[in-house]
Every structure is written in structure tokens, then in C-alpha cells.
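Me: I would like to go through the charged side chains of this model. Please keep the answers short and give the cut-offs.

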Amino acid sequence: MATKKTKHEKIKVLSLFSGCGGLDLGFEQTGDYETVWANDINEWAVKTFRRHFGDVITSENIEKIEPDTDKSIPDCDLIVGGFPCQDFSIIWKQPGLEGNRGSLYKNFLRFIAAKKPKAFVAENVKGLLTANDGRAIKQIIEDFSKIGPGYMVKMQLYNFAEYGVPQFRERVLLVGIRLDLGFNFIHPAPTHGPRGSKPYVTVGDAFKNVEKVKSNNEIINITDKVKRRLEKISEGGNFTDIAPDDPLYVKGMISHVYRRVHRNEPSTTIIAAGGGGTWGYHYPEPRPLTNRERARIQTFPDDFVFEGSIAEVRRQIGNAVPPTGVKLVAEALKPLFFNEYEKVDIKAINDKLQTMSIKERLAFDYLQRTQK
């Protein structure tokens with residue numbers, strides 16, 4: 001069971017489906033969180049994680065781990081993780097809970113039930129909101145709410161460009177607070193763009209002096225044909241800039257195909273894998289982005305070195321949570337762990353949430369902020 005913290009103690013975090021550690025890095029960058037145990041099944045992501053966070057990560061299949069009896073897993077204050085999202089993606093098919101990977105979120109449930117942390121943070125793709133005609137997200141929230149002593153689950157759709165990330169990347173964050181603690185967590189308001197007080201951070205901002213970085217910055221070779229194709233695409237444009245009767249035209253199913261960045265805007269979403277012109281492309285240079293440029297777009301610092309091949313590093317970066325995007329969430333949770341808040345009846349708030357539609361839930365924290 002988690003205990004009350006004093007200012008000099010770190011908030012202990014268990015990290016699930018950790019990947020290379022973007023979510024963990026965002027929390028640790030605040031200075032008050034420490035990941036004490038983590039798990040991921042991808043060997044290269046584990047190597048990257050271990051390089052930066054120490055030997056606290058295991059690569060065992062999470063479905064075979066028993067958090068309630070495994071004494072190597074420490075108690076914690078917070079559980080974080082991005083449970084596998086392929087079955088909820090809006091880019092490809094979305095079988096949701098009926099898919100092979102959709103039900104892996106239940107391992108998240110097992111860890112929460114075993115450790116009973118004060119809070120948890122779960123991240124997933126926007127497609128989670130519509131999977132199975134909205135039934136998936138309703139079931140997941142219901143399952144999270146009923147664990148152990150019960151949790152109030154606050155849901156928000158984040159566009160990380162609104163939180164200082166040079167990328168229009170939409171992700172769902174579910175934050176659960178144990179009901180007996182009386183802490184009314186409210187998702188932080190946007191800080192950048194039209195809804196914030198600061199301008200968006202742009203690709204141009206992110207790429208300053210990136211050519212000087214040595215790690216993960218290999219130029220990717222392309223054919224002359226691809227180079228000529230890119231030269232026909234404008235800044236911020238994609239394959240649709242090329243006329244259908246042009247010999248260099250390529251038919252794309254998604255807007256990512258041959259998408260070039262715009263220096264004065266945030267990037268579109270960086271994705272983890274795929275061929276057919278999905279790497280993300282530089283402007284003005286007619287070439288794919290390097291992995292270091294992709295890491296800059298994802299707000300990883302230059303001393304964060306990724307392990308593995310170019311394709312594997314691309315996957316790690318594309319699957320990661322942008323560290324800068326979750327810093328304000330980490331800050332907003334701190335009062336809970338340092339006991340610096342006035343207790344309220346969050347059971348009543350939770351009862352109210354249970355009567356709301358998904359759309360109403362998404363708007364709830366905005367209303368709470370404006371009513372303060």
C-alpha cells in the first residue's frame with residue numbers, strides 16, 4: 001500500500017507496456033517521480049529503457065507475471081502505461097476488445113488490483129473512443145472504476161501540440177484516482193495554440209541544430225524516383241500534390257503517405273511503422289526524416305539514445321508518448337502524493353460521471369476548470 005510522501009521522497013512508479021520510456025521520462029523530468037519497476041516485451045525497447053532508467057525493467061510476457069505474489073515487484077504510488085493500441089487504431093481496422101491485443105488492458109487491471117496505487121495513468125490512441133461503436137471505452141472505464149477500493153476515472157482527449165509538443169498527436173489519457181483519497185484530479189488546460197497562451201512549437205523550432213546530433217541521425221537512402229516525387233510535393237503537403245496523370249503519382253490510402261513537414265507548423269502524427277511513403281519527409285530537403293528528427297518531434301532530448309536498427313528505432317519513437325506532452329499531467333497529480341490538497345467527495349463526482357456519455361465525460365474537466 002502506498003504511503004504519504006514528503007517533499008524529499010520520490011513518487012514510486014510502476015510502468016507497464018513501457019516501450020522505450022517516453023511516458024516515464026515525462027514524469028521523471030518533473031523531478032519528483034521515479035520508475036521503480038517496468039515491463040515491456042520488445043527486446044530493443046527494453047535495451048533503450050534500461051540504458052536511460054537503469055536495470056528496473058523486465059522483458060517477461062506480462063500475461064505470465066503475477067503482481068499479487070511476485071515479491072520482486074515493489075509497492076508503488078502510481079501505475080502508468082500505454083496498453084497495446086493496435087486494435088484501437090483509427091488508421092487501420094479497429095476490432096477493439098474483440099481483437100487479439102485489445103484485451104491486454106486487463107493486465108493493467110491486474111496490476112492495479114494487486115498494488116492498489118493512489119492513482120494510475122493509462123494512454124491510448126484516439127480510436128479507443130470509437131472502437132466497437134463506443135462500447136470498448138465504456139467497458140474499460142467501468143472495469144477500471146471497479147478495481148479494489150474503486151477509482152474515479154477522468155478521461156481526456158489530448159492533442160499534444162496544445163501542450164508544447166511540435167506535433168498534432170491526439171491521444172486519450174485515462175487518469176484514475178482511488179476513491180478513498182478524496183482528490184479531485186482535473187486534467188490540465190492546453191498551454192499552446194488557439195486554446196492556450198503560447199504559440200505552437202513548430203518543426204522549425206524542433207529542428208534547430210539537429211544536424212549536429214550524432215546519435216540516431218542516419219540519413220536514409222531513397223531512390224531517385226522517390227526523390228523526384230518529393231520534389232513535386234509542397235511544404236506540408238502529401239501525395240495529393242501530384243496530379244493523377246503524372247508518372248510519379250502514387251495512390252495513398254492515408255494522409256501520411258509522402259507527407260512533408262511544414263517548418264512553421266507542428267508536424268502531423270509520427271507513426272511507428274509502414275512502407276509506401278509513410279516515413280515522414282523533410283522540407284526543404286527531399287528525403288525521409290532521420291530518427292533523431294523524429295525524436296525531436298516527439299520531444300525526446302538529444303542525449304536519449306535509442307537501441308536497435310533504423311527501422312526498430314523508428315518503431316520505438318513512433319510508439320512512444322511524447323515526454324513533454326505528459327509533464328503537466330504529472331504536475332497536476334503531485335498534490336495527491338504530497339498530501340497538499342483539500343479532500344472532496346469524489347464518490348459523488350464519480351457517481352455523476354457514471355451517468356454521462358463519452359462526449360460529456362470529455363467535456364467535464366473543461367467545465368470544472370471554468371467554474372473555479
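Reply: Start with E142, which is partly exposed at a relative accessible area of 34%; buried means under 20%, exposed over 50%, and partly exposed in between, with a 1.4 Å probe and protein chains only. The model is predicted, so local features need pLDDT of at least 70 and side-chain atom pairs count only at pLDDT 80 or more, while totals for chains, interfaces and linings use all residues. Residues are numbered from 1 along each chain as its sequence is written, and side-chain values use heavy atoms, with hydrogens and water left out.

Me: Which side chain meets E142 in a salt bridge?

Reply: A salt bridge here is a side-chain nitrogen of Lys or Arg within 4 Å of a carboxyl oxygen of Asp or Glu. The partner is exposed, with a relative accessible area of 58%. At 2.8 Å, N to O, the side chain that E142 meets is K146.

Me: Which residues are joined into one network by salt bridges that share partners?

Reply: Side chains of opposite charge can pair when their charged atoms come close. Salt bridges with shared partners make one network of D32, E331 and K334.

Me: How many salt bridges are there by this rule?

Reply: One of them pairs K12 with E34, with the closest N and O atoms 2.7 Å apart. K12 is in strand 1 (residues 11-16) and E34 in strand 2 (residues 33-39), 22 residues apart; strands are DSSP runs of E with at least two residues, helices are runs of H or I with at least four, and both are numbered from the N terminus. By this rule the count is 19.

Me: Is K115, the salt-bridge partner of D75, buried or exposed?

Reply: The closest N and O atoms of D75 and K115 are 3.6 Å apart. D75 lies in the loop between strand 3 (57-58) and strand 4 (78-81) and K115 in helix 3 (residues 105-115), so the pair ties together parts 40 residues apart in sequence. D75 is partly exposed at 45% relative accessibility. At 8%, K115 counts as buried.

Me: What is the nearest side chain of opposite charge to R229, and how far away?

Reply: R229 is in helix 6 (residues 224-231), and R229 is buried yet has no salt bridge. Its side chain reaches the backbone oxygen of L248 at 2.7 Å. Lys and Arg count as positive and Asp and Glu as negative, with His and the chain ends not counted. The nearest side chain of opposite charge to R229 is D246, at 7.5 Å.

Technical notes. A polar contact is a pair of N or O atoms within 3.5 Å; within protein, one must be able to donate a hydrogen and the other to accept it, and residues adjacent in sequence count only if both atoms are side-chain atoms.
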